[in-house]
Amino acid sequence: MTPRAMKPSDGIAWVTGGSSGIGAALAKRLAGQGWTVVISARSAEKLETIAAGHSGKGRIIAHAVDLTDAEGVEDAVKTIEAAHGPIALAVLNAGIYLSINAENPSFEDYKKTFDVNLSGTAACLCALTPRMTERRAGQIAVVSSATSFGGMPTSSAYGASKAALVNMAACLRIELHRYGVLCQVITPGFVETPAQDDNAFPKPFMVSAETAAKRIATGLTSKRFEITFPRRFTWALKAIYALPYSWSLGLVRKQTGWDKPV
């Protein structure tokens with residue numbers, strides 16, 4: 001079966017990390033397109049506020065879950081589908097950014113980053129892919145980052161987790177194709193979210209969460225593997241990282257200010 005982009009008539013949408021930032025903005029945009037959108041995060045209160053604030057076309061429904069609890073994620077997906085119908089579209093957006101300083105690294109920050117960004121996404125996939133392959137239909141979009149393209153200062157935990165997600169999505173793209181399930185990866189540049197507050201280096205071409213949601217929603221209607229934006233930044237970054245490491249890493253050090261002596 002040839003995978004295709006899902007439509008509201010195929011089922012519901014599930015957006016993780018839906019209590020703020022990209023997730024909340026995307027939920028509102030998808031609901032505006034007629035989707036019934038279930039949003040998940042740990043904070044039930046924040047989710048309920050987002051859901052209650054939506055009006056008009058479509059619905060937003062709150063369902064709190066801790067994505068680092070694999071059994072809890074499985075139960076959540078089972079409950080969501082029993083109550084609202086099959087998950088046709090899943091946008092696995094939940095993630096955290098914890099700055100790591102090489103001179104004083106924190107193992108706990110590494111672990112927490114990997115637990116949420118990588119293991120949390122894996123827990124969602126383990127709950128979703130068996131259901132979608134059995135139905136021979138579905139669409140999964142994994143939210144990575146432009147930091148997955150190559151090294152970036154203070155991002156050794158975040159960047160590593162996001163690079164792993166790109167590889168994970170690419171593997172699933174190959175495997176899920178024969179079941180009619182579409183897998184995509186989203187690699188945004190800098191987006192105005194609380195996670196960016198800890199980034200000390202320049203953040204060129206930063207876009208709002210609403211703009212990011214618009215770009216993602218458009219990309220979800222296509223069958224292309226990567227949804228990346230803003231292209232004038234992400235494509236330039238890809239070009240830099242395509243250079244030999246002796247050049248690219250030096251360029252990144254210079255552009256981010258990490259070429260200054262301590």
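Visitor: Which residues of H8 are exposed?
Guide: In this predicted model, Ser246, Trp247 and Lys254 are exposed on one side of H8, the side other than that of its buried residues.

Visitor: And which ones are buried?
Guide: Ser248, Val252 and Thr256 are the buried residues of H8. They cover an arc of only 50° around the axis, so they sit on the same side of H8.

Visitor: Why would that spacing put residues on one side?
Guide: An α-helix has 3.6 residues a turn, so residues three or four places apart point the same way.

Visitor: What do the buried residues of H8 pack against?
Guide: Helix H7, residues 231-241.

Visitor: How far does H8 reach?
Guide: H8 covers residues 245-256, and its 12 residues reach 16 Å from first C-alpha to last, close to the 16 Å expected at 1.5 Å a residue. Just after H8 comes Gly257, with a positive phi of about 85°.

Visitor: Switching to the sheet. What's the strand order?
Guide: The order is E3-E2-E1-E4-E5-E6-E7, an open sheet of 7 strands with parallel pairing.

Visitor: Which strands are at the edges?
Guide: E3 (59-62) and E7 (226-229). Each has a single partner strand, so one side of each lacks a neighbour in the sheet.

Visitor: How much are neighbouring strands turned against each other?
Guide: By 20° on average, with direction ignored.

Visitor: Which helix packs on the sheet at E5 and E6?
Guide: Helix H5, residues 158-176, touches strand E5 (138-143) and strand E6 (181-188). The direction of H5 makes about 160° with that of E6.

Visitor: Back to E2. Is it buried or exposed?
Guide: Mostly covered: 5 of its 5 residues are buried. Thr36, Val38 and Ser40 lie on one side of E2, with Val37 and Ile39 on the other.

Visitor: Why the split between two sides?
Guide: In a regular strand the side chains alternate between the two faces of the sheet.

Visitor: What does E2 pair with?
Guide: E2 runs parallel to E3, joined by 4 bridges, and pairs in the parallel sense with E1 (residues 12-16), also over 4 bridges. Toward E3, Val37 has Ile60 as its bridge partner, and Val38 stands opposite Ile61. Toward E1, Ser40 is the bridge partner of Thr16.

Visitor: How does the chain cross from E2 to E3?
Guide: Through helix H2, residues 44-52, in a right-handed β-α-β crossover.

Visitor: And which helix goes with E1 and E2?
Guide: Helix H1, residues 21-32, makes a right-handed β-α-β unit with E1 and E2.

Terms used. Residues are numbered from 1 along each chain as its sequence is written. This is a predicted model: local features need pLDDT of at least 70, side-chain atom pairs count only at pLDDT 80 or more; totals for chains, interfaces and linings use all residues. Side-chain values use heavy atoms; hydrogens and water are left out. Two strands pair if DSSP finds at least two bridges between them. Helices (H or I, at least four residues) and strands (E, at least two) are DSSP runs, numbered from the N terminus. Axes are lines fitted to C-alpha atoms, for helices over the stretch in contact, and angles run from 0 to 180 degrees between N-to-C directions. Contact means heavy atoms within 4.5 Å. The expected span of a helix is 1.5 Å times one less than its number of residues. Buried means under 20% relative accessible area, exposed over 50%, partly exposed in between (1.4 Å probe, protein chains only). The arc is that of the directions from the helix axis to the C-beta atoms. A crossover is right-handed if, with the strands pointing away from the viewer, the path from the first strand over the helix to the second runs clockwise.
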